[in-house]
Number of protein chains: 2
Amino acid sequence: MKKIQGGVCAPLGYKANGVHCGIRKNKTKRDLSLIVSEVRAAAACVYTQNLVKGAPILVTKKHVADGYAQAIVCNSGNANTCNADGEQIAEGMCGLVQENAGVAAGDVIVASTGVIGQPLSLDPIAEGMPALVAGLSQDGSGLAAQGIMTTDTIPKEIAYSFTLGGKECRIGAIGKGVGMINPNMATMLIFVTTDAAISPSMLQKALSADVKDSFNMVSVDGDTSTNDMVSVLANGMAGNAVITESGKDFAAFRKALNKVTTYWCRKIAGDGEGATKLLECKVAGAKNKAAAKTVAKSVIKSSLFKAAMFGADANWGRVLCAIGYSGAPVDVTKVSVDFKSRAGSIAVCRGGSGIPFSEEEAKKVLSEKEIEVLIGLGDGNGKATAWGCDLTYEYVKINGDYRT
Amino acid sequence: MKKIQGGVCAPLGYKANGVHCGIRKNKTKRDLSLIVSEVRAAAACVYTQNLVKGAPILVTKKHVADGYAQAIVCNSGNANTCNADGEQIAEGMCGLVQENAGVAAGDVIVASTGVIGQPLSLDPIAEGMPALVAGLSQDGSGLAAQGIMTTDTIPKEIAYSFTLGGKECRIGAIGKGVGMINPNMATMLIFVTTDAAISPSMLQKALSADVKDSFNMVSVDGDTSTNDMVSVLANGMAGNAVITESGKDFAAFRKALNKVTTYWCRKIAGDGEGATKLLECKVAGAKNKAAAKTVAKSVIKSSLFKAAMFGADANWGRVLCAIGYSGAPVDVTKVSVDFKSRAGSIAVCRGGSGIPFSEEEAKKVLSEKEIEVLIGLGDGNGKATAWGCDLTYEYVKINGDYRT
């Protein structure tokens, strides 16, 4: 697998663009993005589990019900959620793509990210669409990545090449998250494209299995948004034999997909609102995988642990505390904890009790930008990794500011 | 029911004291407290659900297994948790009470609050115990309240008088929490005394039922500590007919107990680490009580909602978001949200969608010290209240500081 340039346009047959159409007041910020495949593509999506769902999610579900799609349109600055006319507006956005780009509205995936509960007008989108479509290009992935940003500090894109049955394939993605721009925005959106040929059902199978260990193991603030969505388009233009069942090719595709999703987990957590550090919690020795995941997620979500990491404080008692209330079956007397980073690694807890360590050394380890918390449960073979970030003044500032 | 002075010494037959014995470095801070009843008292306790439990909790469980106790000893500055010799030290504290105050060690409730995973020496406790016992007095509740403080900004005590079968009874309490002093401390401790006569089993029944709607509905940071404990001593010195079964007296006792516990819920949440505001989330119209509690707790725990309240931002989308991911059965299209405080009340959401409101008016309502979030689910008769506080820079500062 090789890292390549081009983001969502790295796979064959995709063009993209992002423009400022006027949803956001700041004219230097792009707020409308479009990705179009030359041909209809197999499509798979996963959505937020929040009962309050953004209108675009409801519309997208209908549009990909047949397993295919050809374009993705997404605006930032407004989540189009909790609005009485939300679905109508989301359908309107797809209609505008049909009018201007010639892709059937029913083949458009639509997404919105921004403030919840403020009416979204179709006017700026209608005004911006012709330029958006006219500017579609194979170099447009970066512009599209910009158009979906909210509090993200950098546009995010990635692409890899890989091989299926001797054919070179490519997989790329843009995404945004995690956080809220002006308060009320909490959406993670990831759009993945590939030129691999794979049936819709196998594509969905690959994505659904993947998110359990990737996106579902990320937490910035424990708040599950109303608009989260990950979608994959697979247009088959690489010319490989279509994947229609499990086997070597499906495994290779899943590996490539996981390479992309794991990249995003780290990227999203590390760019979490106000974050100064990426935290990676690796649990081993759990009774089973479910227990490992529960423990890893509990630690990565603990406000106290997150604040300690911000302070570069080797406060392992908080790790034990979060393990203890996670609900997972754990023998506390077998727990070990180590902190690790580029600066080295340090053991702080064995057998559930503290062991002597150098505070100076620990501070050095924890002052790095990427910290691993290694937890051993000594109770089986279950393993899991969760990603998160530290809790900082900046998080409070970003989310305590007035919307107005 | 009448509010009275005297805290844990307001009921007949109790003395208390608090001293500085040297566990904490700061000599102006008391770190050891004792409450003693003249006679053995019915005793009931509830403990943290964290699998990692402080050693004092394990020892206390043994000591109150017979339903009786006569004294409560508690230190601050060290949680005596995750220490290999923890139980031995906790037993040692009880032994010191026996030696100096003549109360059998097996009748002592012991508690500790402070840093997790640092060895606790018995030496300062042995040194301080004679003066602690010598100073026991009916005016000592305030000193005892000081001796158990960690990051609390004020010592906390309360007392009420009430009537059981024509006899005047009293109930009082001291407590601490919620938070961490230097990082690693997360303990809520509440010690309740009463001179009402009630059997141990009915006392435990009253306490266990009460906490489900009181303490279990409080959250400052979502981190369940390893040392939480609420204990009640009932020494019967008021002379009422002993309560041994459900009925009018038991109901009156439960009401008095609930008056005290609800006071603590508000007090603890309002003094949560770094908090500038007490948040009270009142849910009505839920399918059932369990659903109401789940929704109230989900909203009160949301970091995004808490940060919005810090910013006095009427960010109701975050309330909807937290309702949506709570896991409770909710018909989103029926949800209403209002914010209320001394400055007035303001409706912001009806039928799951936003309604026009004055941002200026909302800011006025949310700039008060005590905020109510009123949620209507329009789906039944289930009601619940949860208490919490805002998320502030100060919370991050308190918990990001180095222990060292």
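**View 1. The two domains of chain A lie with their centres 32 Å apart, taken over C-alpha atoms.** In this predicted model, chain A is divided into domain 1, which covers residues 2-270, and domain 2, which covers residues 278-400.

**View 2. Helix α3 of chain A has its buried residues on one side.** The helix runs over residues 123-134 of chain A, and its buried residues are A:I125, A:G128, A:M129, A:L132 and A:V133. These residues cover an arc of only 135° around the axis, which means that they are on the same side of α3(A). An α-helix has 3.6 residues a turn, so residues three or four places apart point the same way. On the other side of α3(A), by contrast, A:D123 and A:A134 are exposed.

**View 3. Several elements of chain A cover the buried residues of α3(A).** Among them are the strands β2 (14-19), β3 (32-47) and β4 (68-78), together with the helix α2 (86-101), which also belongs to chain A.

**View 4. An open sheet of six strands is found in chain B.** Read across the sheet, the strands follow the order β13-β12-β11-β14-β10-β15, and their pairing is mixed. At the edges are β13 (353-354) and β15 (382-389) of chain B, each of which pairs on one side only.

**View 5. Strands β11 and β14 of chain B pair in the antiparallel sense.** Strand β11 spans residues 336-341 and strand β14 spans residues 370-376, and five bridges join the two. For a single example of this pairing, one may look at B:D338, whose bridge partner in β14(B) is B:L374. In general, strands of a sheet pair through backbone hydrogen bonds, either parallel or antiparallel.

Terms used:
Residues numbered from 1 in each chain as written. Chains lettered and ligands numbered in written order. Predicted model: local features only at pLDDT ≥ 70, side-chain atom pairs only at ≥ 80, totals over all residues. Pairing = 2+ DSSP bridges. Helix = DSSP H or I, 4+ residues; strand = E, 2+ residues; numbered from the N terminus. Buried ≥ 20, exposed ≤ 12 C-beta atoms within 10 Å, placed from the backbone. Arc of directions from axis to C-beta. Contact = placed C-beta atoms within 7 Å. Domains from an automatic or database assignment.
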